[in-house]
Amino acid sequence: MERRLSTQIYNTIRERIDQGVYGPRSFLNEGQLASDFGVSRAPVRDALHLLCGQGYLISYPRKGYMVNVFSTKEVNYMQQIRRHLERLSLQLVIQNATDGEICSLRQFTQTSGADLAETNHNLFHMRLAELSGNPYLPAVLKDLLGKVCFAAIRRESDLGRHEAIIEALLARDLPAAEAALDQDVYLTGINCPSGGHPLGTAAFFRALLNISLEYDCVLQDTKRETRAWKPRRPVAF
């Protein structure tokens with residue numbers, strides 16, 4: 001029960017950070033949050049520690065928890081990891097996805113309106129990871145995309161490059177797909193302001209939350225299946 005409560009508190013605090021309710025470098029107080037939520041300090045503490053572990057907050061003894069601000073250097077580190085993960089997605093999509101599944105990516109290439117463009121940019125990459133067929137890829141990429149958007153590093157529409165990725169995937173041309181992806185991710189990275197700020201697009205985070213819940217369920221099912229599996233005899237090497 002307490003774990004479920006801490007998860008609910010975590011989700012609420014995370015959403016408030018994503019939407020800018022808790023601004024950059026603002027401090028959160030454990031006791032005040034417990035009072036606001038009408039709960040004891042324990043589930044609030046668990047939620048805050050999780051957010052610290054994910055990089056959204058920084059703990060300062062006797063002061064509270066400060067909303068983190070990712071620097072350009074930190075975002076670039078995340079983009080490096082993201083690029084390798086998404087290259088793996090491309091390879092697996094070419095191997096496993098049908099043409100129809102690849103064409104489903106086109107629903108995320110609309111560019112009318114800044115909010116829609118930013119939302120579709122991220123949903124495109126989440127869908128790409130889903131099409132890989134590896135249930136762990138979306139779960140890992142989800143966290144990186146969340147932090148990249150948390151830093152609000154994208155401020156221009158570049159969804160036209162997604163069409164180049166789609167065409168390369170349909171042609172089963174991995175080098176061309178990787179080249180288009182590298183350009184997309186690189187352009188995303190260099191637009192990060194030097195200080196960074198956590199004001200992402202609310203519409204994207206609502207959509208990302210729905211996707212996150214779906215992928216979390218897949219990941220939990222996979223973990224349960226892994227724990228339940230036992231070899232019947234020793235494996236010879």
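**Exercise 1. The nonpolar cores**

Find which residues of the largest nonpolar core in this predicted model touch the most other members, and which helices supply the core.

Solution. Begin with the membership: the largest nonpolar core has 19 residues, and within this core L105 and L169 touch the most other members. Next, turn to the elements that contribute to the core, where α4 (72-96), α6 (114-131), α8 (160-170) and α9 (174-190) each supply at least two residues. Then look at L105 itself, setting aside its neighbours within four places in sequence: L105 is in contact with F124, R127, L128, L131, I166 and L169. Finally, note that there is a second, separate core of 16 residues, which includes I9, I17, A34 and V67. As a general background to this exercise, nonpolar side chains tend to be buried together in soluble globular proteins.

**Exercise 2. The sheet and the helix that packs on it**

Work out in what order the three strands of the open sheet are arranged, and which strands stand at the edges.

Solution. The order in the open sheet is β1-β3-β2, and the pairing is antiparallel. From this it can be read that β1 and β2 are the edge strands, because each has a single partner strand and so has one side without a neighbour in the sheet. Looking at one pairing in detail, β1 is joined by two bridges to strand β3 (residues 64-67), and the bridge partner of F27 in β3 is M66. As a last step, add helix α3 (residues 41-53), which packs on the sheet and touches β1, β2 and β3, while its direction makes about 115° with that of β2.

**Exercise 3. An aromatic pair**

Describe the geometry of the aromatic pair formed by F27 and Y60, and decide whether F27 is buried, partly exposed or exposed.

Solution. The structure holds one aromatic pair. Its rings belong to F27 and Y60, with 5.7 Å from centre to centre and 55° between the planes. An angle from 30 to 60 degrees falls between the stacked and edge-to-face classes, and the pair is accordingly tilted. Now place the two residues in the chain: F27 is in strand β1 (residues 27-28) and Y60 in strand β2 (residues 57-60), 33 residues apart, and the pair thus links distant parts of the chain. For accessibility, F27 has a relative value of 39% and therefore counts as partly exposed, and Y60, with a relative accessible area of 32%, is partly exposed as well.

**Exercise 4. A serine in the first helix**

Determine where S6 lies, whether S6 is buried or exposed, and how many residues separate S6 from D46 in sequence.

Solution. S6 lies in helix α1 (residues 2-18). With a relative accessible area of 9%, S6 is buried, since the cut-off for that class is under 20%. In sequence S6 and D46 are 40 residues apart, whereas in space their C-alpha atoms are 6.2 Å apart. Leaving aside neighbours within four places in sequence, S6 is in contact with P43, D46 and A47.

**Exercise 5. Confidence along the chain**

State which helix has the lowest mean pLDDT among the elements of the chain, and which the highest.

Solution. Start from the whole chain, where the mean pLDDT is 76 and 68% of the residues reach 70 or more. Among the elements, helix α10 (residues 202-228) has the lowest mean pLDDT, 42, and helix α5 (residues 99-103) the highest, 96. Last, examine residues 190-237, over which pLDDT stays under 50, and for which the model has 64 contacts beyond four places in sequence.

Notes:
Residues are numbered from 1 along each chain as its sequence is written. This is a predicted model: local features need pLDDT of at least 70, side-chain atom pairs count only at pLDDT 80 or more; totals for chains, interfaces and linings use all residues. Side-chain values use heavy atoms; hydrogens and water are left out. pLDDT is the predictor's confidence in each residue, from 0 to 100. Helices (H or I, at least four residues) and strands (E, at least two) are DSSP runs, numbered from the N terminus. Contact means heavy atoms within 4.5 Å. A nonpolar core is a set of buried Ala, Val, Leu, Ile, Met, Phe, Trp, Tyr and Cys residues joined through side-chain atoms within 4.5 Å. Buried means under 20% relative accessible area, exposed over 50%, partly exposed in between (1.4 Å probe, protein chains only). Rings of Phe, Tyr and Trp (its six-membered ring) pair if their centres lie within 6.5 Å; planes under 30 degrees apart count as stacked, over 60 as edge-to-face and the rest as tilted. Two strands pair if DSSP finds at least two bridges between them. Axes are lines fitted to C-alpha atoms, for helices over the stretch in contact, and angles run from 0 to 180 degrees between N-to-C directions.
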